[in-house]
Structure formats: C-alpha cells, structure tokens
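Student: Please take me through one part of this model slowly, together with whatever it rests against. I would like to follow each step of the reasoning rather than just hear the result.

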Amino acid sequence: MAALLIYLWPWKSQVQLCSTWAESELVTVCGDGEAAVLGVASHDHETVPGRFLLPPAPPVSLPVIDLSGGRDEVRRAVLRAGKEFGFFQVVNHGVPERTMRELGTACGEFFRLPLADKVALYSESEDTERTNRLFSSTMCVSGGQSYWRHCLRLACYPVESTKPGWPEKPAALQPALEDFIVPARSVGMELLRLLCEGIGLPPDYFEGDLSGGEVILNANHYPACPDPGVTLGLPPHCDRNLITVLLQPGYVCGLQVSYDGGWIDVEPIPEALVINFGHQLEIATNGLLRSVEHRAVANVAVGRTSVAAFIMPTMDCVVRPAKELLGEGRPARYRSIAFRDFMRSYKL
Ligand SMILES: O=C(O)CCC(=O)C(=O)O
C-alpha cells in the first residue's frame, strides 16, 4: 500500500491526490496540523461523488454575426471570428429565408425520390472526374471505412453554363438552386471583401481567378442512424476551396467544428448561413486565416440535409501567399500551387 503523502506547507497543508490510492487514504491537513478525513467512504466507488466533479467547461459557441450592422463593426466581428474559429454564422445576409427553405426542402425531396429517378446520377466514390453525381460516404481516403451520408454534388455557378447538368427531379430543385446560388455566392464574396479590409489586402484581392471557378454544391443527406455514437456522417476534414457558404436545417444538429482539442456543435439557426474558410484562403493569407477541421455526426431521431456551396478558384489559378502579407519576419509559409493540382492531390 502506498504511503500516505502529506505535504505540510508553511502556511497551509495540502494533500497530493493520487488515483492509485485507496480513497480511505485521502486526508487533508488543516493549517493547525490536524488531519481530517476528506469524507469519502472507505470503499471504492463506482462513480465519483457529486462534490468531486469539476464544473463543466463553459459552453463555446460559434459567433453569430449580424451582417446588417455597421461596416466597421461587422468587419471586426468577421475577422475576430475568422481568426479564432475559422467558422461563424451570419444572419441578415441577404439570402431570403424562403429561398433557403425551398432549397432545403427540394434537396430533401431529391433524396426521397425513388431509386429509378436517381440512378443515372449515381457513380462510385472513386469516379472523381465527373462533377455532377450522386454518391454515398466520402471520397476521402478512408481505408474501406464508410460514412453515414449520401451526397449530390453539382456544379452550380455560373448558372447558365452549369444548369443543363442539374437533375430534373424534383421539379422544385432547379428553381431553388438558381434562386440560392447567386445571392449565396454574393454573401461569400462580400465576406471576402471585409476580410481583405481587415487584414490589409486590397478589397478586391479575391475577385478574378481566385474566386472565379465554378461554385460546387454538396447537398448532403445523413439518414437517421440507429447508433450515431459508432459512426460519423463525414470524417474530420478541411474544405479545399476558398470559402464555403453552408445552409443547414434549423432544427437538427450535425455539424461540429474542431476547437481547442475538442468539437463544438454548430447550433442550428433557421435564418443563418454557416461560413467557413477553405485551404485556398489559408494559403492566400499565409495562414492568417485558417481552414479548420469539421465533421458531421448522424442523428438517431431524424435525418439531416445540409447544402454546402464551395466558392473556388479557377482550375488554372496559381494560389500563393499574398505578397502584401509577406516581408521581414513574415516568410511565405505555403508554396504556390495550381488549384487543379491541389484538387488532384486532396480528395474529399
Ligand atoms: O453537413 C454538414 O453540415 C457539413 C458538410 C460538409 O462539411 C461538406 O459537405 O464538406
């Protein structure tokens, strides 16, 4: 049996608690040197008595930024949230609530269509050359691991050139995509302008090739799952693009963001859009703004359908740290890379 260790400090005595000791050995020593049993029972407990439990860590939640505020205030909030979390939510962003609701509903309807209506779009996860496709799980290198998710992936912007490839069923899907994608992209572009102002880049730095590629949209469906604790909807990953605008249902959790060694839930807020940074923003800002890992968990009671719009550079665009952000003591932390090459080597 380990000897009882009591440290007698000049002003106060203290017990060193050691998990290998039997609880009967835990004593405290009062300032006057008198030992008193801590009050735990002399037999091993199966659970920790309530008064020994540490208070739960205060909950951390992602900032929700009201974009209708004053420009300076919004810019500061966006930069603060972007630097701390790489993720935040925005409200009063200009995408009508009805548009968001109709897209969510239309995507949900798509996944409920009979198989015969979807089969032409289906292709195995490894078939990465085809953009518009329906697949299950993820294209991440997963060593045979599957994930609790279906995904309809579509190129959605520019509308005129991409629309011919959109599914015809359900009938509400095409109009809903068209109504959503243009204002949603504008939200992303406006946030990029604010970020540029905040970090000392010209406000139009991300106009042109850096944001001029197609917008790819993932409609993700995570069916209700009998045991969400043993699987994931999507594994931890960062986005490959510049900036992501995500619509999630306002009533069911599922998206989690890596923070301080753990995961925080992204609170479902019906009128909000979730914003996060992709790898290309991290490279271009030389790591000032980071692309943060996130994952999706499944839900036991209900399915969840989310829609992520990925604003991307053109495939030929060479992405490199902005020269305005480099200098004495601020070397480039990333090498230049053509977006096409990045996409080839990093599959999701
Ligand atoms: O479903 C979500 O909320 C996350 C989706 C996502 O991370 C993705 O499509 O890459």
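Tutor: To say how a helix lies, we give it an axis, a line fitted to its C-alpha atoms over the stretch in contact, and the angle between two N-to-C directions runs from 0 to 180 degrees. Please keep in mind throughout that this is a predicted model. The part I have chosen is helix α5, which covers residues 173-199.

Let us begin with the helix itself. With 27 residues at 1.5 Å a residue, α5 should span 39 Å, and because its end C-alpha atoms are 38 Å apart, the expected span and the model agree. Just after α5 comes Gly200, whose phi is positive, at about 90 degrees. On the other side, the loop between α4 and α5 holds Pro170, and the peptide bond that leads from Lys169 to Pro170 is cis, with an omega near -5 degrees. A cis bond also occurs from Tyr157 to Pro158, where omega is near 0 degrees; Pro158 has its place in the loop between β8 and α4 (159-162).

Now turn to the helices that pack against α5, starting with α1, residues 71-85. The axes of α1 and α5 come within 9 Å and cross at roughly 85 degrees. Angles from 65 to 115 degrees count as roughly perpendicular, and therefore α1 and α5 are described as roughly perpendicular to each other. On the α1 side of this contact you will find Val74, Arg75, Val78, Leu79 and Gly82, which meet Leu191, Leu194, Leu195, Glu197 and Gly198 of α5. Sorted by character, the residues of this contact are six nonpolar, two polar and two charged.

The other helix to look at is α2, residues 97-112, whose axis is 9 Å from that of α5, with an angle of about 140 degrees between the two. An angle counts as roughly antiparallel over 145 degrees, so α2 and α5 are oblique to each other instead. The crossing of α2 past α5 is left-handed. Here Thr99, Met100, Glu102, Leu103, Ala106 and Phe110 of α2 meet Leu173, Ala176, Leu177, Asp179 and Phe180 of α5. The residues of this contact comprise eight nonpolar, one polar and two charged.

Helix α5 also lies across a set of strands, namely β6 (87-91), β8, β9, β11, β14 and β16, and its direction runs at about 135 degrees to β11. To see what these strands belong to, follow the open sheet of eight strands in the order β5-β6-β14-β11-β16-β9-β8-β7, in which the pairing is mixed. At its edges stand β5 (64-66) and β7 (133-136); each has a single partner strand, so one side of each is left without a neighbour in the sheet. On average, neighbouring strands of this sheet are turned by 25 degrees against each other, direction ignored. Helix α2 packs on this sheet too, touching β8 (150-157), β9 (215-222), β11 and β16 (304-311), and its direction makes about 115 degrees with that of β16.

It helps to look at one pair of strands within this sheet more closely. In general, strands of a sheet pair through backbone hydrogen bonds, either parallel or antiparallel. Strands β11 (residues 243-247) and β14 (residues 273-277) run antiparallel and are joined by four bridges. Within that pair, Val245 stands opposite Ile275 of β14.

For contrast, there is also an open sheet of four strands, in the order β10-β15-β12-β13, where the pairing is antiparallel. Its edge strands are β10 (234-237) and β13 (262-265), each of which pairs on one side only. Three bridges join β12 (residues 255-259) to β15, while four join β12 to β13. In the hairpin of β12 and β13, two residues lie between the strands, and Asp260 takes a positive phi near 55 degrees there, although Asp260 is not a glycine.

To return to the part we began with, picture α5 meeting α1 roughly perpendicular, meeting α2 at an oblique angle, and lying across strands that include β11 and β14.

Key. Residues are numbered from 1 along each chain as its sequence is written. This is a predicted model: local features need pLDDT of at least 70, side-chain atom pairs count only at pLDDT 80 or more; totals for chains, interfaces and linings use all residues. The expected span of a helix is 1.5 Å times one less than its number of residues. Angles under 35 degrees count as roughly parallel, over 145 as roughly antiparallel, 65 to 115 as roughly perpendicular and the rest as oblique. A crossing is left-handed if the near helix is turned anticlockwise from the far one by less than a right angle, and right-handed if clockwise. Two residues are in contact if their C-beta atoms, placed from the backbone, lie within 7 Å. Ala, Val, Leu, Ile, Met, Phe, Trp, Tyr, Cys and Pro count as nonpolar, Asp, Glu, Lys and Arg as charged, and the others, Gly among them, as polar. Two strands pair if DSSP finds at least two bridges between them.
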